[in-house]
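Work through these short exercises with the model open beside you. Try each task before reading its solution.

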Amino acid sequence: SCGNQVAPATTTTGNSTKTNNLTFTDATSTTITLSKPPTRIACLVSLCEDILAELGLQPVAVNDTFGQDPHFFGATAKNFMTIGGPFFNPNVEDIAKATPDLVIGLANVHENLRDALQPIAPLYIMNPASYNDSIYYLKDIGRLTGRSTQANQAAQRFLHKLAAYEAKSPKNKSALLLYGSDVNFN
(Lines give C-alpha, C1' and ligand atoms only; values in the text may rest on other atoms or scores of the structure.)
Protein backbone atom coordinates (compact mmCIF):
# COMPACT_ATOMS: atom_id res chain seq x y z
CA SER A 1 0.00 0.00 0.00
CA CYS A 2 1.00 3.63 -0.22
CA GLY A 3 1.71 3.66 3.51
CA ASN A 4 4.76 1.49 2.95
CA GLN A 5 6.45 3.92 0.57
CA VAL A 6 9.47 5.46 2.27
CA ALA A 7 11.65 8.32 1.14
CA PRO A 8 15.40 7.65 1.11
CA ALA A 9 16.79 8.14 4.57
CA THR A 10 19.62 10.47 5.42
CA THR A 11 21.57 10.20 8.63
CA THR A 12 24.42 12.35 9.78
CA THR A 13 27.47 10.74 11.30
CA GLY A 14 30.12 13.15 12.53
CA ASN A 15 30.70 15.74 9.81
CA SER A 16 29.60 13.56 6.90
CA THR A 17 26.14 12.85 5.56
CA LYS A 18 25.19 9.46 4.15
CA THR A 19 22.26 9.12 1.77
CA ASN A 20 20.32 5.87 1.41
CA ASN A 21 21.86 4.50 4.62
CA LEU A 22 20.32 4.08 8.01
CA THR A 23 22.80 3.86 10.83
CA PHE A 24 21.81 2.91 14.35
CA THR A 25 23.40 1.84 17.58
CA ASP A 26 21.53 -0.70 19.66
CA ALA A 27 21.50 -1.31 23.42
CA THR A 28 24.74 -3.29 23.20
CA SER A 29 26.54 -0.31 21.58
CA THR A 30 26.72 -2.21 18.31
CA THR A 31 26.50 0.11 15.29
CA ILE A 32 24.73 -1.22 12.23
CA THR A 33 24.07 0.39 8.86
CA LEU A 34 21.20 -0.63 6.60
CA SER A 35 21.12 0.25 2.91
CA LYS A 36 17.33 0.80 2.97
CA PRO A 37 14.53 0.98 5.54
CA PRO A 38 13.63 -2.51 6.76
CA THR A 39 10.25 -3.83 5.66
CA ARG A 40 10.59 -7.46 6.79
CA ILE A 41 11.17 -7.48 10.53
CA ALA A 42 11.40 -10.64 12.63
CA CYS A 43 10.46 -10.16 16.29
CA LEU A 44 12.18 -12.16 19.01
CA VAL A 45 10.54 -10.11 21.78
CA SER A 46 6.95 -8.91 22.21
CA LEU A 47 8.01 -5.25 22.54
CA CYS A 48 8.98 -5.49 18.86
CA GLU A 49 5.49 -6.70 17.97
CA ASP A 50 3.90 -3.91 19.98
CA ILE A 51 6.08 -1.32 18.25
CA LEU A 52 5.32 -2.68 14.78
CA ALA A 53 1.59 -2.64 15.54
CA GLU A 54 1.86 1.02 16.58
CA LEU A 55 3.70 1.79 13.34
CA GLY A 56 1.17 -0.02 11.16
CA LEU A 57 3.69 -2.70 10.17
CA GLN A 58 3.38 -6.47 10.43
CA PRO A 59 6.23 -8.71 11.57
CA VAL A 60 7.46 -11.26 9.07
CA ALA A 61 7.94 -13.77 11.93
CA VAL A 62 7.41 -13.94 15.70
CA ASN A 63 8.64 -16.33 18.35
CA ASP A 64 5.66 -16.11 20.67
CA THR A 65 1.88 -16.00 20.43
CA PHE A 66 1.63 -12.39 21.64
CA GLY A 67 2.02 -10.99 18.13
CA GLN A 68 -0.50 -13.48 16.80
CA ASP A 69 -3.23 -11.94 18.95
CA PRO A 70 -5.82 -10.43 16.58
CA HIS A 71 -6.09 -7.33 18.80
CA PHE A 72 -2.75 -6.19 17.41
CA PHE A 73 -2.76 -7.23 13.77
CA GLY A 74 -6.28 -8.46 12.99
CA ALA A 75 -7.15 -11.78 11.44
CA THR A 76 -3.86 -11.99 9.51
CA ALA A 77 -1.96 -12.37 12.80
CA LYS A 78 -2.70 -16.09 12.99
CA ASN A 79 -0.79 -16.53 9.73
CA PHE A 80 2.47 -15.00 10.94
CA MET A 81 5.38 -17.37 10.71
CA THR A 82 6.35 -18.70 14.13
CA ILE A 83 10.02 -18.94 15.02
CA GLY A 84 10.58 -22.22 16.80
CA GLY A 85 12.69 -22.79 19.86
CA PRO A 86 12.51 -21.26 23.30
CA PHE A 87 12.60 -17.51 23.96
CA PHE A 88 16.24 -17.70 25.06
CA ASN A 89 17.34 -19.72 22.02
CA PRO A 90 15.13 -19.10 18.98
CA ASN A 91 15.67 -21.29 15.94
CA VAL A 92 18.05 -19.47 13.57
CA GLU A 93 16.94 -21.60 10.61
CA ASP A 94 13.35 -20.43 11.13
CA ILE A 95 14.55 -16.83 11.24
CA ALA A 96 16.44 -17.39 7.97
CA LYS A 97 13.32 -18.88 6.33
CA ALA A 98 11.47 -15.64 7.09
CA THR A 99 14.07 -13.66 5.08
CA PRO A 100 13.99 -10.61 7.36
CA ASP A 101 15.70 -7.28 6.69
CA LEU A 102 16.06 -6.78 10.45
CA VAL A 103 15.73 -8.96 13.55
CA ILE A 104 14.80 -7.35 16.86
CA GLY A 105 15.74 -9.01 20.15
CA LEU A 106 16.25 -8.34 23.84
CA ALA A 107 19.43 -7.52 25.76
CA ASN A 108 20.89 -10.25 27.95
CA VAL A 109 18.94 -12.80 25.91
CA HIS A 110 19.56 -12.55 22.17
CA GLU A 111 23.04 -11.00 21.74
CA ASN A 112 24.49 -14.47 21.39
CA LEU A 113 22.61 -14.78 18.08
CA ARG A 114 24.43 -11.88 16.40
CA ASP A 115 27.13 -13.99 14.71
CA ALA A 116 24.66 -16.63 13.52
CA LEU A 117 22.31 -13.95 12.16
CA GLN A 118 25.05 -11.95 10.42
CA PRO A 119 24.54 -13.60 7.01
CA ILE A 120 20.75 -13.35 7.42
CA ALA A 121 19.95 -9.87 8.76
CA PRO A 122 21.22 -7.32 11.27
CA LEU A 123 20.19 -7.81 14.90
CA TYR A 124 18.84 -4.80 16.79
CA ILE A 125 18.94 -5.34 20.56
CA MET A 126 16.59 -3.46 22.91
CA ASN A 127 16.99 -3.14 26.67
CA PRO A 128 13.90 -1.41 28.08
CA ALA A 129 13.98 -0.61 31.78
CA SER A 130 11.19 1.98 31.77
CA TYR A 131 8.35 3.18 29.60
CA ASN A 132 10.64 6.02 28.50
CA ASP A 133 13.01 3.39 27.09
CA SER A 134 10.10 1.77 25.26
CA ILE A 135 9.18 5.15 23.76
CA TYR A 136 12.80 5.61 22.67
CA TYR A 137 12.76 2.23 20.90
CA LEU A 138 9.39 3.02 19.30
CA LYS A 139 10.82 6.25 17.90
CA ASP A 140 14.07 4.59 16.79
CA ILE A 141 12.25 1.83 14.91
CA GLY A 142 9.94 4.51 13.51
CA ARG A 143 13.01 6.36 12.21
CA LEU A 144 14.54 3.18 10.77
CA THR A 145 11.33 2.24 8.95
CA GLY A 146 10.54 5.75 7.73
CA ARG A 147 7.57 6.02 10.09
CA SER A 148 8.70 8.71 12.51
CA THR A 149 5.35 10.50 12.31
CA GLN A 150 3.46 7.35 13.33
CA ALA A 151 5.96 6.70 16.13
CA ASN A 152 5.62 10.24 17.51
CA GLN A 153 1.82 10.02 17.34
CA ALA A 154 1.83 6.64 19.11
CA ALA A 155 4.15 8.01 21.82
CA GLN A 156 1.84 11.00 22.37
CA ARG A 157 -1.25 8.74 22.58
CA PHE A 158 0.51 6.63 25.19
CA LEU A 159 1.67 9.64 27.23
CA HIS A 160 -1.82 11.18 27.16
CA LYS A 161 -3.37 7.88 28.24
CA LEU A 162 -0.77 7.54 31.01
CA ALA A 163 -1.47 11.08 32.23
CA ALA A 164 -5.20 10.36 32.30
CA TYR A 165 -4.63 7.22 34.38
CA GLU A 166 -2.25 9.05 36.71
CA ALA A 167 -4.80 11.85 37.21
CA LYS A 168 -7.47 9.45 38.44
CA SER A 169 -5.31 6.88 40.24
CA PRO A 170 -5.18 6.81 44.04
CA LYS A 171 -2.03 8.55 45.29
CA ASN A 172 -1.40 6.03 48.08
CA LYS A 173 -1.19 2.96 45.81
CA SER A 174 1.65 1.55 43.75
CA ALA A 175 1.58 -0.78 40.78
CA LEU A 176 3.94 -3.66 40.15
CA LEU A 177 4.64 -5.04 36.70
CA LEU A 178 6.11 -8.52 36.64
CA TYR A 179 6.92 -10.45 33.49
CA GLY A 180 9.05 -13.38 32.50
CA SER A 181 9.07 -17.13 32.28
CA ASP A 182 9.63 -20.01 34.62
CA VAL A 183 13.38 -19.31 34.74
CA ASN A 184 13.62 -15.53 34.45
CA PHE A 185 11.48 -12.79 35.95
CA ASN A 186 11.72 -9.03 35.60
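**Exercise 1: Helix 5**

Compare the span of helix 5 with the expected value.

Solution. Helix 5 has 14 residues. From its first C-alpha to its last it reaches 20 Å. That is close to the 20 Å expected at 1.5 Å a residue. Keep in mind that this is a predicted model.

**Exercise 2: Burial and packing**

Find which residues of helix 5 are buried, and what they pack against.

Solution. Start with the helix itself, residues 131–144. Its buried residues are Ile135, Tyr137, Leu138, Asp140, Ile141, Gly142 and Leu144. Next, look at their partners. The buried residues of helix 5 pack against three strands: strand 3 (22–25), strand 8 (102–106) and strand 9 (123–126). They also pack against helix 1 (46–55) and helix 6 (148–168). Then step past the end of the helix. Just after helix 5, glycine 146 takes a positive phi of about 75°.

**Exercise 3: A surface patch**

Decide whether tyrosine 131 is buried, partly exposed or exposed, then place it in a patch.

Solution. Tyrosine 131 lies in helix 5. Its relative accessible area is 39%, so tyrosine 131 is partly exposed. Tyr131, Phe158 and Leu159 make a nonpolar surface patch of about 250 Å².

**Exercise 4: The disulfide**

Locate the one disulfide and give its handedness.

Solution. Cysteine 43 and cysteine 48 form the link, with sulfur atoms 2.1 Å apart. The angle about the S-S bond is -55°, and the link is left-handed. Now check burial. Buried means under 20% relative accessible area. Cysteine 43 has 0%, so cysteine 43 is buried. Cysteine 48 has 1%, so cysteine 48 is buried too.

Methods
Residues are numbered from 1 along each chain as its sequence is written. This is a predicted model: local features need pLDDT of at least 70, side-chain atom pairs count only at pLDDT 80 or more; totals for chains, interfaces and linings use all residues. Side-chain values use heavy atoms; hydrogens and water are left out. Patches are made of residues with over 30% relative accessible area and no salt bridge: like charges are joined within 9 Å, nonpolar side chains (Val, Leu, Ile, Met, Phe, Trp, Tyr) within 5 Å. Accessible areas come from the Shrake-Rupley method with a 1.4 Å probe; for residues, only the protein chains shown count as cover. A salt bridge is a side-chain nitrogen of Lys or Arg within 4 Å of a carboxyl oxygen of Asp or Glu. Helices (H or I, at least four residues) and strands (E, at least two) are DSSP runs, numbered from the N terminus. Buried means under 20% relative accessible area, exposed over 50%, partly exposed in between (1.4 Å probe, protein chains only). A disulfide is a pair of cysteine sulfur atoms within 2.5 Å. The expected span of a helix is 1.5 Å times one less than its number of residues. Contact means heavy atoms within 4.5 Å.
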